[in-house]
Amino acid sequence: MSDSVQLTEWHEKAVATARAAGKRIAAAAAGELQINEETHHDLKIQLDVDTQNFIEAELLGMFPDHHILGEEGGSGNDGKGVEWIVDPIDGTVNLAYGIPHYCVSIACRVEGELVLGVIFDPGRDECFEAYRGGGARCNGQAIRVSPRTELQQAILSLGFSKTRESVEKCLDLYVHYARNARKLRAMGSAALDMAYVAAGRIDGYIEQGISIWDIAAGRVLIEEAGGTIVLTEQPGREKFHVKAWNGKVDLPLV
Ligand code: LIP
């Protein structure tokens with residue numbers, strides 16, 4: 001485990017890097033975006049690659065013996081040493097369509113243990129961050145999960161992910177929770193969904209077949225804000241079904 005001086009140094013660099021990357025994305029989003037790959041339920045854009053390259057240069061420039069595990073490359077170090085888990089743009093399809101709901105997500109894992117997470121939304125200039133034992137904050141203000149206990153009072157966010165299978169599974173959940181929760185949302189960014197759970201804006205987030213880089217930073221935020229995460233491993237490297245909530249509302253995965 002890292003000592004507190006190291007943790008503070010890593011945390012400060014992660015916040016500065018997420019903010020700088022977010023500003024670069026927002027500036028580039030005003031122009032033409034190059035689409036590199038298109039599937040039915042997903043898009044890959046060059047700005048994802050460029051942003052991860054920027055983040056890698058910032059982090060490895062300061063910490064050359066660390067490792068990167070990101071959506072756009074980097075193989076990490078199998079949970080050994082210090083790994084930065086990066087989603088350079090979470091909510092890529094939103095960004096590509098001009099929907100201002102996306103973020104930069106950076107987490108740090110030491111010997112397999114997540115120690116910090118940063119999620120920056122450049123559109124709203126909201127920086128959600130947390131480190132182990134230090135609580136969670138949004139723009140410096142402490143945040144906590146919601147106190148709601150009843151499903152009929154809860155707002156939930158469900159993610160459809162990227163495959164036909166994950167869409168079908170999510171539809172089953174959608175039908176169940178549309179009938180029983182107060183409201184449902186599908187906002188297209190797992191990391192912002194988790195940041196909103198940590199901030200008490202929504203009461204839970206569920207998604208099938210999500211990757212570690214989508215949820216690593218949000219996990220630290222939610223656990224430091226008093227919430228609960230259940231990850232169920234799926235086929236593929238660090239793929240999960242995720243249920244993240246305030247730990248109070250009963251959310252059976254139907
Ligand atoms: C996205 C997730 C979202 C999921 C999308 C996609 P990306 O991540 O944040 O929750 O539903 O399919 O995986 O690809 O924008 O980094």
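User: What makes a space in this predicted model a pocket, and how much space lies in the second largest pocket?

Analyst: A pocket is an open set of grid points with protein on both sides within 12 Å along at least five of seven lines, and its volume is the space filled by probe spheres set on those points. By that reckoning, about 250 Å³ of space lies in the second largest pocket.

User: How do you know that K162 and H241 line the second largest pocket?

Analyst: A lining residue must have an atom within 4 Å of a point, and the residues listed for the second largest pocket include S161, K162, T163, K239 and H241; K162 and H241 are therefore counted as lining residues because they meet that cut-off.

User: Which element gives the most to the lining of the second largest pocket?

Analyst: Helix 4 does, with three residues, while the elements that give two or more are helix 4 (164-180), strand 13 and strand 15 (239-245).

User: What makes the lining of the second largest pocket one nonpolar, seven polar and four charged residues?

Analyst: Gly counts as polar and Pro as nonpolar, so G209 falls among the seven polar residues and P235 is the one nonpolar residue.

User: How much space lies in the largest pocket, and which residues are closest to its centre?

Analyst: About 590 Å³ of space lies in the largest pocket, and of the 34 residues that line it, H41, D42, V93, S161 and G188 are the closest to its centre. Strand 13 supplies the largest share of this lining, four residues, and by class the lining has eleven nonpolar, twelve polar and eleven charged residues.

Terms used:
Residues are numbered from 1 along each chain as its sequence is written. This is a predicted model: local features need pLDDT of at least 70, side-chain atom pairs count only at pLDDT 80 or more; totals for chains, interfaces and linings use all residues. Side-chain values use heavy atoms; hydrogens and water are left out. On a 1 Å grid over the protein atoms alone, a cavity is a set of points where a 1.4 Å probe fits but cannot get out, and a pocket is an open set with protein on both sides within 12 Å along at least five of seven lines; lining residues have an atom within 4 Å of a point.
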